Amino acid sequence: MGTALITGATSGLGEEFCWQLASAGHDLVLVARRVDVLEDLADRLRNVAGVPAEVLPADLSIPADVDKVARRLEVTGEEGGPAPIGLLVNNAGFGLGASFPDNSLEAELNGLDVMVRAPMVLSHAAARAMRQRGRGAILNVSSVASRTGAGTYSAHKAWIVAFTEGLAEELRGTGVTASVVCPGPTKTDFFTNAGVDMSGTPDCLMSTPEQVVEEALGATRIGKVQVTPTAVYKVAMAAMKLAPRTVVRRVMRSVPHM
């Protein structure tokens, strides 16, 4: 089934990507910051799903660590060496939890490095290696926030959408695809970690990690460029595309910053 590399692998959508890919028979390369959590997840995947799980600790806000992951993506699959990566999932990300003027510049640059620079560097390494082999897929995780204009998090996610659309066209006919998933609010620790209280949100407005990952991988398998999981957020994305931007911005004033 090939080998998949997942960033932000140890929690939320990242962990769900690991389990669904493992259940489909993919070998895994797990990328995250904390070695102990990575090792624990890798052990569980090996024991429960029965697939090889390689651990690659990296902090994607550090250029040297990003370069380390990029080198793993450049592996050609020479005899006796590591397997080449057939699927890259750029999932790592986090909420900033504050407006741009109220946040520190250090925190803003950290978010930019993890959610923009790292996916660009890793996609570049993956696209070149996959194109040389004539097969492979890149899946980038964006958000419905990409349409909201609500702070730098939404700006990062808008960049991911535009970047993936352009990359998909540039790779057309090479055997390599690029896809982007734009989930709405999802039942993970994302909002808690960002300091955003979502406890009053109706269940019908919260996607599950299982739904998001299933639709994202389904789109990737057929080479679909963009997918928004769940019906309610498909409608929301369509509405935001049609609504005047002034209206969207006004509505978003009442939503906590991510």
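**From a loop residue to the helices and their salt bridges**

Thr 230 sits in the loop that runs between strand β7 (226-227) and helix α8 (231-242). In this model, which is predicted, Thr 230 has a positive phi of about 70° even though it is not a glycine. With a relative accessibility of 13%, Thr 230 counts as buried, because that term is used for anything under 20%.

Helix α8 also holds Lys 234, while Glu 215 belongs to helix α7 (residues 209-221), so the salt bridge between them ties together parts that are 19 residues apart in sequence. The closest N and O atoms of Lys 234 and Glu 215 are 2.9 Å apart. Lys 234 counts as partly exposed at 38% relative accessibility, and Glu 215 likewise counts as partly exposed, at 29%.

From here the reader can turn to helix α1 (residues 12-23), where Gln 20 lies. Gln 20 is buried, with a relative accessible area of 18%, and, leaving aside residues up to four places away in sequence, it touches Glu 210, Val 213, Glu 214 and Leu 217. A polar atom of the Gln 20 side chain lies 3.2 Å from the backbone oxygen of Glu 210.

Helix α1 also contains Glu 15, whose side chain meets that of Arg 44 in a salt bridge (3.4 Å, N to O). Arg 44 lies in helix α2 (residues 35-49), and the pair links distant parts of the chain, 29 residues apart. Glu 15 and Arg 44 are further linked with Asp 40 in a network of salt bridges, and a search of the whole structure finds seven salt bridges.

Helix α3 (residues 63-73) shows how a helix can have two sides. Its residues Asp 65, Val 66, Val 69, Ala 70, Arg 72 and Leu 73 are buried, and because these buried residues fall within an arc of 155° when seen down the axis of α3, they line one face of the helix. An α-helix has 3.6 residues a turn, so residues three or four places apart point the same way. On the other side of α3, Ala 64 and Arg 71 are exposed, whereas the cover over the buried residues includes β1 (3-7), β2 (27-32), β3 (53-57), β4 (85-90) and α4.

One of those buried residues, Arg 72, has a relative accessible area of 8% and forms a salt bridge with Glu 54 in strand β3.

Helix α4 (residues 105-133) includes Leu 105, which is exposed, with a relative accessible area of 57%. Together with Leu 109 and Leu 112, Leu 105 makes a nonpolar surface patch of about 270 Å².

Technical notes:
Residues are numbered from 1 along each chain as its sequence is written. This is a predicted model: local features need pLDDT of at least 70, side-chain atom pairs count only at pLDDT 80 or more; totals for chains, interfaces and linings use all residues. Side-chain values use heavy atoms; hydrogens and water are left out. Helices (H or I, at least four residues) and strands (E, at least two) are DSSP runs, numbered from the N terminus. Buried means under 20% relative accessible area, exposed over 50%, partly exposed in between (1.4 Å probe, protein chains only). A polar contact is a pair of N or O atoms within 3.5 Å; within protein, one must be able to donate a hydrogen and the other to accept it, and residues adjacent in sequence count only if both atoms are side-chain atoms. Contact means heavy atoms within 4.5 Å. Patches are made of residues with over 30% relative accessible area and no salt bridge: like charges are joined within 9 Å, nonpolar side chains (Val, Leu, Ile, Met, Phe, Trp, Tyr) within 5 Å. Accessible areas come from the Shrake-Rupley method with a 1.4 Å probe; for residues, only the protein chains shown count as cover. A salt bridge is a side-chain nitrogen of Lys or Arg within 4 Å of a carboxyl oxygen of Asp or Glu. The arc is that of the directions from the helix axis to the C-beta atoms.
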